[in-house]
Amino acid sequence: MRFMVIIKADANSEAGVMPDEKLLTEMGKFNEELVKAGVMLAGEGLHPSSKGARVRFSGSKRTVIDGPFSETKELIAGFWLWELRSMQEAIEWLKRCPCPMIGESEVEIRQVFEASDFGEAFTPELQEQEAKLRAQIEAQH
């Protein structure tokens, strides 16, 4: 199972406050543990929403909304993509993580959909198309 581990933004991350050397060192050690255990597939921090944009979809209409976005509790400051056997295992790993923000922080774990989760709607043709796309992505990197 794959899990997206979502680090919630706070006022500091939205203001562009960068982590100090101590936190970067602690996170580096934690990431190293994740990699050595074969858990971590990807992980990155994100710039503040002031440097981002959203695209709102309404039928065929597209509206671009430039950041910043006001509700920091709903924003993402970073993420990991982990591969584990269960949600409980992901929780146990996350409990070992240094606090990713100054003061309090909240991190969300969400399971990533796998092909089998889509049932019959994910036809053999669609599965083949996805496999080709994944192979192309892998070849590009």
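Biologist: Let's start with β1. How many of the seven residues of β1 are buried?
Modeller: Six of the seven are buried, so β1 is largely enclosed by the rest of the structure. Buried means under 20% relative accessible area, exposed means over 50%, and partly exposed is in between, with a 1.4 Å probe and protein chains only. Strands here are DSSP runs of E with at least two residues, helices are runs of H or I with at least four, and both are numbered from the N terminus.

Biologist: And what sort of model am I looking at?
Modeller: This is a predicted model, where local features need pLDDT of at least 70, side-chain atom pairs count only at pLDDT 80 or more, and totals for chains, interfaces and linings use all residues. Residues are numbered from 1 along each chain as its sequence is written, and side-chain values use heavy atoms, with hydrogens and water left out.

Biologist: Good. Which strands does β1 run antiparallel to?
Modeller: β5, through seven bridges, and β6, through five. Two strands pair if DSSP finds at least two bridges between them. For landmarks, Arg2 has Glu83 of β5 as its bridge partner, while Phe3 is matched with Gln111 of β6.

Biologist: What's the strand order in the open sheet?
Modeller: The order is β2-β5-β1-β6, four strands with antiparallel pairing. The edges are β2 (40–45) and β6 (107–111), each with a single partner strand, so one side of each has no neighbour in the sheet. From one strand to the next, the twist averages 15 degrees; angles run from 0 to 180 degrees between N-to-C directions, and the axes are lines fitted to C-alpha atoms, for helices over the stretch in contact.

Biologist: How many bridges hold β2 and β5 in their pairing?
Modeller: Five, again in the antiparallel sense, with β5 covering residues 76–83. One spot to click on is Ala42, whose bridge partner in β5 is Leu81.

Biologist: While we're on β5, is Ala77 buried or exposed?
Modeller: Ala77, which lies in β5, counts as buried at 14% relative accessibility. Leaving out residues up to four places away in sequence, Ala77 touches Ile7, Lys8, Ala9, Ser13, Gly45, Leu46 and Met101. Contact means heavy atoms within 4.5 Å. The C-alpha atoms of Ala77 and Pro48 are separated by 7.1 Å, with their positions 29 residues apart along the chain.

Biologist: On to the helix. Which strands does α3 lie across?
Modeller: Helix α3 (residues 87–95) lies across β1 (2–8), β5 and β6, and runs at about 155 degrees to β6.

Biologist: Which of its residues are buried?
Modeller: Glu89, Ala90, Trp93 and Leu94. Down the axis of α3, the buried residues fall within an arc of 135 degrees, so they line one face of the helix; the arc is that of the directions from the helix axis to the C-beta atoms. What covers them includes β1, α2 (21–36), β5 and β6.

Biologist: What sits over the face of Trp93?
Modeller: Arg96, at 4.2 Å from the ring centre. A charge sits over a ring if NZ of Lys or CZ of Arg is within 6 Å of the ring centre and within 35 degrees of the ring normal. Elsewhere, the charged end of Arg54 sits over the ring of Phe69, 3.9 Å from its centre.

Biologist: Which residues form the aromatic cluster?
Modeller: Phe30, Trp80, Trp82 and Trp93.

Biologist: And how many aromatic pairs are there in the whole structure?
Modeller: Six. In the pair of Phe118 and Phe122, the ring centres are 5.9 Å apart and the planes are at 45 degrees, so the pair is tilted. Rings of Phe, Tyr and Trp (its six-membered ring) pair if their centres lie within 6.5 Å, with planes under 30 degrees apart called stacked, over 60 edge-to-face and the rest tilted. Phe118 is partly exposed at 45% relative accessibility, whereas Phe122 is buried at 15%.

Biologist: Last one: where is Pro100?
Modeller: Pro100 is in the loop between α3 and β6, and counts as buried at 15% relative accessibility. Setting aside residues up to four places away in sequence, Pro100 touches Ile7, Leu23, Met27, Ser105 and Val107.
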